[in-house]
Amino acid sequence: MRYAHAVADVRAAERELMARLPEGALMQRAAFGLATVAADMLRDAGSVYGSRVALLVGVGDNGGDALYAGALLAGRGVAVHALLADPDRAHEGGLSALRDAGGRIVADAAVLDQADLVVDGLLGIGGRGGLRGEFARLAEAAHESGAPILAVDLPSGIEADTGEVSGPAVRADVTVTFGTHKPGLFVDPGASHAGIVEFVDIGLEFPPSVEPVLENLQVQDVRALLPAPGRSSHKYSRGVVGLAVGSERYPGAALLAVGAALRSGVGAVRYSGPVDVVSSYPEVIAGGGKVQAWVVGSGLGRDDEAVRRLLNVLATDVPVVVDADGLRLLPRKAFERSAPTIITPHAGEAAALLDVTAEQIEGQRLEYVRRLAQSYDATVVLKGPLTLIAGPQTSRVRVNTHAGPVLATAGSGDVLAGIIGGLLAGGLSPYDAASAGAYLHGATGLLAARSGPVAAGDLVASLPLAWHNIQE
Ligand SMILES: NC(=O)C1=CN([C@@H]2O[C@H](COP(=O)(O)OP(=O)(O)OC[C@H]3O[C@@H](n4cnc5c(N)ncnc54)[C@H](OP(=O)(O)O)[C@@H]3O)[C@@H](O)[C@H]2O)[C@@H](O)CC1
Ligand SMILES: Nc1ncnc2c1ncn2[C@@H]1O[C@H](COP(=O)(O)OP(=O)(O)O)[C@@H](O)[C@H]1O
Ligand SMILES: [K+]
């Protein structure tokens with residue numbers, strides 16, 4: 001598992017560690033990690049020795065990290081130039097280290113045009129709001145230069161705790177983050193500014209009483225969650241999932257969701273609805289019956305019959321996944337259920353559920369995924385390039401990073417709903433089913449994309465191998 005911690009907790013962990021270390025040791029660790037990544041980038045682009053690096057330096061320790069890393073690079077034969085957002089307030093120790101190593105402090109931003117790499121040390125976890133004044137001008141000039149940008153700790157201008165971006169902000173190619181991930185590196189729009197995130201361990205420790213803000217499942221976490229049939233398993237003990245999805249108008253949604261559910265580790269799949277799924281999937285049991293979880297909503301349409309099918313499912317006492325049209329039809333009180341509910345909105349559906357705009361959702365995804373979980377008393381899968389999962393009982397949010405834009409194809413959401421439903425019937429908790437489901441869905445996309453452009457049916461076809469690869 002990877003974790004992201006709140007700034008206040010990072011500061012506390014930093015204080016605790018600093019008290020046990022010689023002064024400046026922590027910044028040296030950060031700077032060493034930063035310089036190592038910078039040197040790797042320079043080497044990949046040609047060579048370290050003889051290359052040119054420009055540092056953007058703010059007024060806090062983030063700028064200090066950049067200056068000390070610049071000194072290390074200068075010691076390896078790199079021409080390092082530092083541009084200071086506020087020369088009177090730049091990190092003193094860092095400035096002298098850079099000068100002593102042969103680096104130069106300059107006022108002319110033209111150095112950016114010759115740079116092989118720009119290091120963004122304008123703002124770190126002390127930043128608030130978008131970049132102001134000279135900070136914004138330096139960032140703008142760096143973008144215009146076209147040089148690759150390496151952000152220190154996080155791209156300057158993004159909110160570390162939320163990923164919100166309320167003004168000018170750096171768009172980095174790579175971000176080196178220290179001690180723990182920052183929530184803003186996992187939540188859009190901030191995460192989309194970070195590029196590839198490299199983690200540098202500086203020895204920060206978090207006591208068990210400190211809750212991370214975000215959890216990011218790794219392959220071994222998903223492996224531990226996926227149900228594995230045992231010697232004495234039978235089809236009913238493995239779980240039966242029911243799907244009330246698809247309609248005469250949207251038959252494809254039923255085929256996709258059912259196809260995915262069949263490959264999600266369950267013992268059997270029941271289908272309730274007007275679509276002929278049995279011709280394509282003879283394994284399916286047509287009609288209702290006892291199930292351990294339901295999926296409802298994908299391709300349901302929005303007519304009276306759709307409402308009837310939705311309410312029938314919501315009236316059951318088993319966990320339910322509500323997707324797509326089901327979310328549009330949902331009366332708020334329908335969530336007063338005896339069993340858990342999972343909802344799988346994209347930003348547009350989330351906006352309708354909360355009576356706000358999709359832009360508001362996209363701008364504050366962490367805030368809104370939590371708000372949805374609270375106000376609907378449901379586990380929420382807020383879909384997008386980085387899908388967030390929140391539960392009604394926990395303030396911890398999970399994020400799925402194992403995905404790619406290949407998933408942005410019609411019917412992809414139906415596949416996800418089928419996978420989550422299957423995992424739910426297989427006995428996973430709603431929170432685990434939703435987060436492992438998002439990972440597995442992402443894995444099908446990444447796998448299918450190896451053979452070229454991908455249709456949602458290819459995600460279904462890739463599910464067995466994606467599952468197998470996770471189990472290896
Ligand atoms: N914690 C750790 O474990 C370790 C931390 N380390 C490093 O320290 C970094 C944090 O350093 P930090 O606390 O000095 O804050 P930092 O972000 O450099 O500067 C904040 C200052 O900028 C200003 N300012 C704010 N917003 C602004 C805006 N929008 N536009 C313009 N200016 C703005 C504001 O000043 P103001 O002008 O408001 O007085 C504020 O005081 C951290 O990210 C990591 O890199 C590592 O060295 C080792 C381990
Ligand atoms: N750019 C992207 N990168 C990664 N995943 C994406 C991206 N765009 C969409 N997705 C994922 O693809 C799926 C799309 O689902 P949805 O919006 O319901 O589409 P549809 O209704 O066409 O099935 C979601 O799981 C979402 O997280
Ligand atoms: K930065």
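Two residues are taken to be in contact here if their C-beta atoms, placed from the backbone, lie within 7 Å. In that sense Asn62 touches Gly121, Leu122, Leu123, Gly124, Gly126, Val152 and Asp153, once residues up to four places away in sequence are left out. The structure that carries these contacts is a predicted model, with a mean pLDDT of 97 for the protein and 99% of its residues at 70 or more. For the complex, the predictor gives an ipTM of 0.96 and a pTM of 0.97.

**The surroundings of ligand 1**

The shell around ligand 1 holds 30 residues, of which Gly60, Asp61, Asn62, Gly124 and Gly126 come nearest. By class these residues divide into 13 nonpolar, 10 polar and 7 charged. Helix H1 (7-18), helix H2 (25-45) and helix H3 (61-74) each supply at least two residues of this shell, and the greatest contribution, 4 residues, is that of H3. Asn62, already named among the nearest residues, lies in helix H3.

Asn62 also appears in the UniProt record, where an unreviewed entry gives the annotation "binding site" to Asn62, Asp120 and Ser156. These positions are spread over 95 residues of sequence, yet they cluster in space, with a largest C-alpha distance of 9.4 Å. Ser156 is placed in the loop between strand S6 (149-152) and strand S7 (174-178). Leaving aside its neighbours within four places in sequence, Ser156 is in contact with ten residues' worth of surroundings that include Asp120, Leu122, Leu123, Gly127 and Phe135.**The surroundings of ligand 2**

Around ligand 2 there are 18 residues, and the closest are Lys383, Pro385, Leu407, Ala408 and Gly413. The shell is made up of 8 nonpolar, 8 polar and 2 charged residues, and its largest share, 4 residues, comes from helix H14 (residues 412-425).

Here too the UniProt record, in an unreviewed entry, places the feature "binding site", at Lys383, Gly384, Pro385, Leu386, Thr387 and Gly413. They span 31 residues in sequence, but no two of their C-alpha atoms are more than 14.0 Å apart, so they gather at one spot. Gly413 belongs to helix H14, and, not counting residues up to four places away in sequence, Gly413 touches Ser298, Asp323, Ala324, Thr344 and Lys383. Thr387 sits instead in strand S17 (residues 387-390), and, with its neighbours within four places in sequence set aside, Thr387 is in contact with Val381, Leu382, Asn400, Ala403 and Ala438.

**Burial of the annotated residues**

A residue counts as buried if 20 or more other C-beta atoms lie within 10 Å of its own, and the table gives the counts for four of the annotated positions.

| Residue | C-beta neighbours within 10 Å | State |
|---|---|---|
| Asn62 | 26 neighbours | buried |
| Ser156 | 31 neighbours | buried |
| Thr387 | 27 neighbours | buried |
| Gly413 | 26 neighbours | buried |

**The open sheet**

Which strands make up the open sheet, and in what order? The sheet is formed by 11 strands in the order S1-S9-S18-S17-S16-S15-S14-S13-S10-S11-S12, with mixed pairing. Strand S1 (2-4) and strand S12 (285-286) stand at the edges, and each has a single partner strand, so one side of each is left without a neighbour in the sheet. Strand S17, where Thr387 is found, is listed between S18 and S16 in this order.

Strands of a sheet pair through backbone hydrogen bonds, in either a parallel or an antiparallel sense. Strand S14 (residues 320-322) and strand S15 (residues 341-343) run parallel and are joined by 3 bridges, and within this pair Val321 has Ile342 of S15 as its bridge partner. A parallel pairing over 4 bridges likewise links S10 to strand S11 (residues 268-271), where Gly242 stands opposite Arg270 in S11.

Is strand S10 enclosed or open to the outside? In S10 (residues 240-244), 5 of the 5 residues are buried, so this strand is largely enclosed by the rest of the structure. In a regular strand the side chains alternate between the two faces of the sheet. Both faces of S10 are covered, with Val240, Gly242 and Ala244 buried on one side and Val241 and Leu243 buried on the other.

Key:
Residues numbered from 1 in each chain as written. Chains lettered and ligands numbered in written order. Predicted model: local features only at pLDDT ≥ 70, side-chain atom pairs only at ≥ 80, totals over all residues. Near = placed C-beta within 6 Å. Nonpolar A, V, L, I, M, F, W, Y, C, P; charged D, E, K, R; others polar. Pairing = 2+ DSSP bridges. pLDDT = per-residue confidence, 0-100. UniProt positions renumbered as here; feature names shortened; annotations may be inferred. Buried ≥ 20, exposed ≤ 12 C-beta atoms within 10 Å, placed from the backbone.
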